[in-house]
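Here are some friendly notes to read beside the structure. Keep the viewer open and find each residue as you go.

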Amino acid sequence: MIAGLLLLCAAALLGAPHLLVRLEGMRHSPRAALVVWQALSLSAVLCLLAVGPVALIQPRPWPSPAAQLAVAVIAAFASVAVLLRLLMNGHHVGRRIRAARSEHRDLVDLVGRHEGARTRVLPSHRPGAYCLPGAGPRVVLTEATLAALPEDQLAAVVAHEEAHLRERHDLILEFFTVLHTSTPRLLRTDTALREVALLVEVLADRAAREEVGEVALGRAIVALAEAAGLADLTPGAGAGAGAAVARIRLLAVDDPTPVRSLALYTVGVAVLVLPPALTALAAAS
């Protein structure tokens, strides 16, 4: 019974992202929202991993020794298969990301103008800015960005990228990428991964807003997004403008109240303790 309950919990947790992406109010508390997303993903994995051990330790009247052996083999195979898929996928994704990042870092060091220890300016006519996290972090700007943005907006862009590097947002995205790509295609939604990426951008925006203010940051987002060829970003623009519009709208939102954040953190903790609690219940029954 407990094993079946774990399976139901895993199914519910895997389906929860379809609901969470509709709760745009969670974006007002990006750090707490990311905790909820992480807890949901990790809890779903733990539920699937616990199914095998719980099916083995929970006593039940088996009709025959052969049936007991069959159930034990199937349960153990299911949990081991989930664990192996997660570990192999984690290794593959991590190695691929770090190799691509290292190659990219070498390229920007080669062709970019060195401005300080870790800022590189690329000779490109297209405005753009991004960072390369990990060992030897880099903030990468283009010549067009330096020419197009006034000093305060340029400071906003750099503050945003430095926040990504300082808070290691790449590790959050890598964690979700591993879990996302480990989930069967029919059960996962790319919208969830985009929502997590948006929350990470909002986190960096909040840090940059503290340094330069929302006006300079908002104007920098508009300038870079429109230079990238995105849709209309003026107030009232439709959803086609995507994450840039959401980020600009969230700049006008105050930091979350402690009560609101505490409620989200509580949800995250509750979801995370579910698998261990059910496993302990199975062991005690």
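The numbered points below go from the overall picture to single residues.

1. **What kind of model this is.** Please remember that this is a predicted model. The protein averages a pLDDT of 82, and 82% of the residues score at least 70. Residues 232–241 deserve care: the pLDDT there is below 50, although this stretch has 18 contacts in the model beyond near neighbours in sequence. Where pLDDT is low, the predicted coordinates should not be read in detail.

2. **The overall plan.** How many helices and strands does the protein have? There are ten helices and four strands. Along the sequence they follow the pattern α-α-α-β-β-β-β-α-α-α-α-α-α-α, with the strands sitting between three helices before them and seven after them.

3. **Inside and outside.** Of the 285 residues in the protein, 42% are buried. The accessible surface comes to about 15,000 Å², and carbon and sulfur atoms account for 67% of that area. Among contacts with a separation of 6 or more, 68% join residues 24 or more positions apart.

4. **The largest nonpolar core.** In soluble globular proteins, nonpolar side chains tend to be buried together. Here the largest nonpolar core has 19 residues, and Leu20, Met26, Leu34, Val36, Trp37, Leu40 and Phe176 have the most contacts inside it. At least two core residues come from each of α1 (2–20), α2 (30–57), α6 (169–182), α7 (190–212) and α10 (258–284). Which helix gives the most? That is α2, with six residues. This core also draws at least three residues from each of domain 1 (1–14 + 35–111) and domain 2 (125–258).

5. **Leu20 and a second core.** To see part of the largest core up close, select Leu20: setting aside neighbours within four places in sequence, Leu20 is in contact with Met26, Val36, Trp37 and Leu40. There is also a second, separate core of nine residues, which includes Val139, Leu154, Leu165 and Leu224.

6. **Helix α6 and the residue before it.** Does the length of α6 fit or conflict with its residue count? The 14 residues of α6 should span 20 Å at 1.5 Å a residue, and its end C-alpha atoms are 20 Å apart, so the two agree. Its buried residues are His169, Asp170, Ile172, Glu174, Phe176, Val178, Leu179, His180 and Ser182. Arg168 lies in the loop between α5 and α6. Most residues other than glycine have a negative phi. Arg168, however, has a positive phi, near 50°. Is Arg168 buried or partly exposed? With a relative accessible area of 30%, Arg168 counts as partly exposed.

7. **Helix α7 and Arg206.** This helix has 23 residues and reaches 33 Å from its first C-alpha to its last, close to the 33 Å expected. Gly213 follows α7 and has a positive phi, near 90°. Within α7 you will find Arg206. Why does Arg206 count as buried? Its relative accessible area is 10%, and the cut-off for buried is under 20%. Leaving aside neighbours within four places in sequence, the contacts of Arg206 are Arg27, His28, Pro30, Leu250, Val253, Asp254, Asp255 and Pro256.

8. **Helix α8.** Residues 214–227 form α8, whose 14 residues reach 20 Å from first C-alpha to last, close to the 20 Å expected. Buried in α8 are Ala216, Leu217, Gly218, Ala220, Ile221, Leu224 and Ala225. What do they pack against? Their partners are β3 (129–132), α4 (143–148), α5 (151–167), α7 and α9 (243–251).

9. **Two residues for a distance check.** Pro276 is in helix α10 and is partly exposed, at 47% relative accessibility. Pro276 and Leu46 are 230 residues apart along the chain, yet their C-alpha atoms are separated by 8.2 Å. Gly136, in the loop between β3 and β4 (138–142), is also partly exposed, with a relative accessible area of 31%. From Gly136 to Ser102, 34 residues away in sequence, the C-alpha distance is 8.9 Å.

Notes
Residues numbered from 1 in each chain as written. Predicted model: local features only at pLDDT ≥ 70, side-chain atom pairs only at ≥ 80, totals over all residues. Heavy atoms only, no water. Core = buried A, V, L, I, M, F, W, Y, C linked by side-chain atoms within 4.5 Å. Buried < 20%, exposed > 50% of the residue type's maximum accessible area, 1.4 Å probe, protein only. Domains from an automatic or database assignment. Contact = heavy atoms within 4.5 Å. Expected span 1.5 Å × (residues − 1). Areas by Shrake-Rupley, 256 points an atom, 1.4 Å probe, with all protein chains shown as cover. pLDDT = per-residue confidence, 0-100.
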